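Subject: Structure for you to look at

Hello,

I am handing over the structure below, followed by notes on what was found in it. Please read the notes with the structure open.

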Amino acid sequence: IDTYDVTVTEELGEIQLIKIEKRKYWFPDDWYLKYITVKTPNGDYLEFPCYRWITDEKEVVLRDGRAKIYGDDKTHMLKHHRSKELEERQKLYRWAEWQPGFPLNIDAKSHKDLPRNIQFDSEKGIDFILNYTKAMENLCVNRFMHMFQSSWSDFADFEKIFVRISNTISEYVMQHWQENFMFGYQFLNGCNPVLIRKCTELPKKFPVTTEMVECSLERNLTLEEEIKQGNIFIVDYELLDGIDVNKRDPCTIQYLAAPICLLYRNLEKKIVPIAIQINQDPKPDNPIFLPSDAKYDWLLAKIWVRSSDFHIHQTVTHLLRTHLISEVFAVAVFRQLPSVHPLYKLLIPHVRFTIAINTKAREQLICEYGLFDKANATGGGGHVQMVQRAMKQLTYSSLCFPEEIRARHMESYEDIPYYYYRDDGLKVWEAIRSFVTDVVNIYYENEERVCEDMELQAFVKDIYIYGMRGNKASGFPKTIKTREKLSEYLTVVMFTTSAQHAAVNFGQYDWCSWIPNAPPTMRCPPPTKKGNVTIEYIIDSLPDRGRSCWHLGAVWALSQFQENEAAPYAPRYVIQVFLGMYPDEHFIEKPVKEAMKKFRKNLDDITSYITERNRNKKLPYYYLSPDRIPNSVAI
């Protein structure tokens, strides 16, 4: 990092803009400019934030760091500057459709086609093929990676590829994965804690009776009475029904199911499974499995649920509802908010590298014959169908964390005391909402200022039309008219890109590295009657050695925080940037800096609370601890 002093002898008058250009050299030498500070003759300092690459023969024009909303600029020169910046950005950041029915994304076929300012500094760091292979080497499993079709001999055999690190969640999962408590606990605090809902009425397609489950019920009540008292919960994987299974490898037939699982809150207030139907239609060859059935019947039914949960987690909870939606927010930020806009300054840290990581995923991971096809039963096109279906159900209110919890009737701490995802998520949501409200109130003194901000309205409209494909049923607003609604909307953007992604991404190795607990594929069909399942049938159903290794490499690589993402010649960041950290000073005003300070204090309090709660816990929950929440989706 170099700092340069430039002294000007003549009187320049009031400085409105600074223009920077770099002469073309005989080899490419892009410069990354952080900011320019101007000291005026009377001793005042003016800050001109940049935080952009200066490339050959491209002039960059900077405004001073004071944030201005649309309508604040009075001179023609400043109005022209902000409109010209957006005009140029809209040529660079174009919408495109990767697959029909998907949210739109950036128009770029590969990482190198992206605008320079949003590329990773080193593309090597986000090469999925390289990272997965490296992960398999680090995990010492590469000797198995080509052994497709070769089954493991028993559960213990999976330990050959399982890295045992003392006192970790993954080891605890390996030891307890067959227990009903551990199965139920994952619906609350695993890496997909978003599906479980209180059952208010048993669906007709799932004809469970009191007689079937009475040995699991502890209150001497009928099943209907337990439902009325709020003790019964349900998880339905209907979205998987009829999804095409992966047929890329003709040597391995793979299978999918769409189970329904009924769970019970016992007298200890723990959530445990009491009935599983492996497919949607109730018929004689699709029995309802129970804890009172033969050991391996019940175990295989639970494995089918865990496998289905893995598919919904990867494709809907993780890919669609964090990665793809965050990219919509990111593209809209660049297209509709100029650098001088306070909302650009607020949101830019939360879309850092998101477009780049998603572009790389479309290049290598979720594309046709990509890495996703190697080990997953939903590869080969099933994952695309899943996103298309899930998009029809995606709503604005489901991205508002407190509303989403209430919609599933999971808000009561007294009823469900061990739902740490809910508890920590609500605290982080509230901290973000409070910070955003402070910033909104600094720049928008009243509702008229919100209504009259054409750039804000264009940003919201872009997200509705291109992100949500103009789907009225999504409930995404087309316009925003109040400060309160604006604060909520910005909280949705910041929470989704930071906390929600952290909650569903960084636990993948913890919960999915023990293959029988999260099989990415099943190689035998679900049982059609009770009493026939053997340990051999279960092992033959689970992924083979090759697919197990690719799966392990994937969940390891996806669970790691991005290390220093910058190249040595331009170290923008030395470490991962976590929630509340703003190393790039886009804002220069004191009131905003005070709001940031308050935000950090609130986040520190949450971190301390979570650390204290986790002390001596065998299963700590830390994915929503603010010191572990990256600012943006960058992995």
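Helices and strands here are DSSP runs, with at least four residues for a helix and at least two for a strand, numbered from the N terminus. The model is predicted.

The N-terminal region

UniProt, in an unreviewed entry, places a feature named "domain: PLAT" at residues 1-68. Over residues 1-68 the chain is 40% strand and 0% helix. The C-alpha atoms at the two ends of that stretch lie 30 Å apart.

Val6, Val8 and Leu12 make a nonpolar surface patch of about 310 Å². Of these residues, valine 6 sits in the segment before strand E1, which covers 17-20. Valine 6 has a relative accessible area of 72% and is exposed.

The cysteines

How many disulfides does a search of the whole structure find? The search finds zero. A disulfide is a covalent bond between the sulfur atoms of two cysteines.

Two cysteines serve as examples. For cysteine 215, the closest cysteine sulfur belongs to cysteine 261 and is 15 Å away, which is too far for a bond; the cut-off for a disulfide is 2.5 Å between the sulfur atoms. Cysteine 215 counts as exposed, at 58% relative accessibility.

Cysteine 524 is in no disulfide either, and its nearest cysteine sulfur, in cysteine 251, is 16 Å away. Is cysteine 524 buried or exposed? With a relative accessible area of 13%, cysteine 524 is buried, because buried means under 20%.

Regards

Key
Residues are numbered from 1 along each chain as its sequence is written. This is a predicted model: local features need pLDDT of at least 70, side-chain atom pairs count only at pLDDT 80 or more; totals for chains, interfaces and linings use all residues. Side-chain values use heavy atoms; hydrogens and water are left out. Patches are made of residues with over 30% relative accessible area and no salt bridge: like charges are joined within 9 Å, nonpolar side chains (Val, Leu, Ile, Met, Phe, Trp, Tyr) within 5 Å. Accessible areas come from the Shrake-Rupley method with a 1.4 Å probe; for residues, only the protein chains shown count as cover. A salt bridge is a side-chain nitrogen of Lys or Arg within 4 Å of a carboxyl oxygen of Asp or Glu. Buried means under 20% relative accessible area, exposed over 50%, partly exposed in between (1.4 Å probe, protein chains only). UniProt positions are given in the numbering used here, feature names are shortened, and annotations may be inferred rather than shown by experiment.
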